[in-house]
Amino acid sequence: MLINYKERRVLMKRIVKLQMLLLAVGVLLFQTPASAYTFTQGFSEVSGLEGIVNAYSPARTSSGGDDFTAVNSKANQPRSTGTSPHSGTDIRMAEGRNVYAIYSGKVVSKQTSTSSQLGDIIINLDINNDGTPDGYYIKYLHIVPNSSLSAGSVVSKSTIVGTIDSYKVYPPHLHFARTNSTGTVTYKLYNFYRHTSTSTWNNGESLDYLAGDSRVGSNIYITGYTMDDGAWENLARVEVYYKVGSGAWSSTPKTMNKWNSSGRWHFDFSTVASSGQAVYYYLAGIRADMSSSSDNWGLFPQYYKEPPKVPSAFTSSIQYRSFTMP
């Protein structure tokens with residue numbers, strides 16, 4: 001079939017547009033993982049085993065007791081959907097269920113626009129109960145906020161801060177996090193649940209991807225595992241990136257050893273450093289059940305939103321821990 005000049009021009013324009021579209025798709029598909037790295041601070045590390053206060057669960061039983069309901073996704077946990085790593089902890093709560101304050105405090109802000117399931121309240125906790133908030137902020141997200149609360153409202157553990165919003169974007173659940181006054185930085189929740197019972201989200205360890213770090217002599221320890229819709233899964237491994245003294249960062253990581261069946265990991269730096277030497281390190285917990293290996297890690301210390309894993313990929317300062325070998 002013959003086509004005239006005008007039709008030929010239209011056809012050629014369509015072909016060029018299609019080629020440009022295919023090229024753009026190709027660029028997206030074959031980008032290096034480094035192109036996705038974000039060096040904007042999204043987290044701030046809270047290190048160590050100590051507790052801040054014995055907080056309550058935002059979910060309560062019919063009799064008013066704590067309900068440490070299933071964890072759907074930990075803070076700092078790498079994910080294949082949504083934000084990765086996760087900037088808070090998701091727990092299983094049904095649509096319309098009451099959400100309670102985890103401790104006494106004052107409301108800092110309230111977002112009532114729930115059309116995108118993003119209603120939230122931020123509360124500044126009063127951990128010593130002296131009437132003055134102490135700078136520990138908790139954000140409750142995916143809720144319909146309590147209409148009787150506003151900035152400055154005083155809350156206690158019996159205060160309903162809102163109800164779980166209905167399904168719009170995500171299946172109903174509560175996303176809660178320790179944050180700052182503007183809700184822009186995520187800290188660990190772990191230290192609020194250092195109770196003596198494993199029923200309190202495994203002493204808080206089920207709330208944060210890598211938590212409870214400690215050091216004994218030349219040995220470091222940390223707890224790491226994933227929670228996915230209430231199911232526990234061990235990490236594939238925990239990698240140790242390090243440098244000794246003024247030397248360069250290791251190009252090949254060491255691997256931590258499993259310390260126990262509760263997700264505790266261990267590494268002895270005497271295998272790479274001698275007494276009196278300064279050691280610098282950070283850890284990468286590798287998630288086992290993600291098909292993509294380009295972003296299946298969360299770091300300790302947690303700092304960047306979308307962090308690289310290896311030292312050579314850092315274009316900003318590496319966040320690390322350090323000590324002097326005994």
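These legends walk through a few views of a predicted protein model.

**View 1. The whole protein, as a starting point.** Welcome to the fold: the protein has one helix and 22 strands. Of its 326 residues, 46% are buried. The accessible surface comes to about 15600 Å², and carbon and sulfur atoms hold 51% of that area. Among contacts with a separation of 6 or more, 65% link residues that are 24 or more positions apart.

**View 2. An open sheet of seven strands.** Follow the strands across this sheet and you will meet them in the order 2-3-11-7-6-5-9, with antiparallel pairing. At the edges sit strand 2 (71–73) and strand 9 (154–155), each of which pairs on one side only. As a reminder, strands of a sheet pair through backbone hydrogen bonds, either parallel or antiparallel.

**View 3. Where strand 5 meets strand 9.** Here we zoom in on one pairing of the sheet. Strand 5 and strand 9 run antiparallel to each other, and two bridges join the pair. To find your place, look for G105, which stands opposite V155 of strand 9.

**View 4. A nonpolar patch on the surface.** Three residues make up this patch: L118, V169 and Y170. Together they offer about 250 Å² of accessible area.

**View 5. A closer look at L118.** This member of the patch lies in the loop that runs between strand 5 (105–111) and strand 6 (120–125). Is L118 buried, partly exposed or exposed? L118 counts as partly exposed because its relative accessibility is 39%, and the partly exposed class lies between under 20% for buried and over 50% for exposed.

How values were computed
Residues are numbered from 1 along each chain as its sequence is written. This is a predicted model: local features need pLDDT of at least 70, side-chain atom pairs count only at pLDDT 80 or more; totals for chains, interfaces and linings use all residues. Side-chain values use heavy atoms; hydrogens and water are left out. Helices (H or I, at least four residues) and strands (E, at least two) are DSSP runs, numbered from the N terminus. Buried means under 20% relative accessible area, exposed over 50%, partly exposed in between (1.4 Å probe, protein chains only). Contact means heavy atoms within 4.5 Å. Accessible areas come from the Shrake-Rupley method with a 1.4 Å probe; for residues, only the protein chains shown count as cover. Patches are made of residues with over 30% relative accessible area and no salt bridge: like charges are joined within 9 Å, nonpolar side chains (Val, Leu, Ile, Met, Phe, Trp, Tyr) within 5 Å. A salt bridge is a side-chain nitrogen of Lys or Arg within 4 Å of a carboxyl oxygen of Asp or Glu. Two strands pair if DSSP finds at least two bridges between them.
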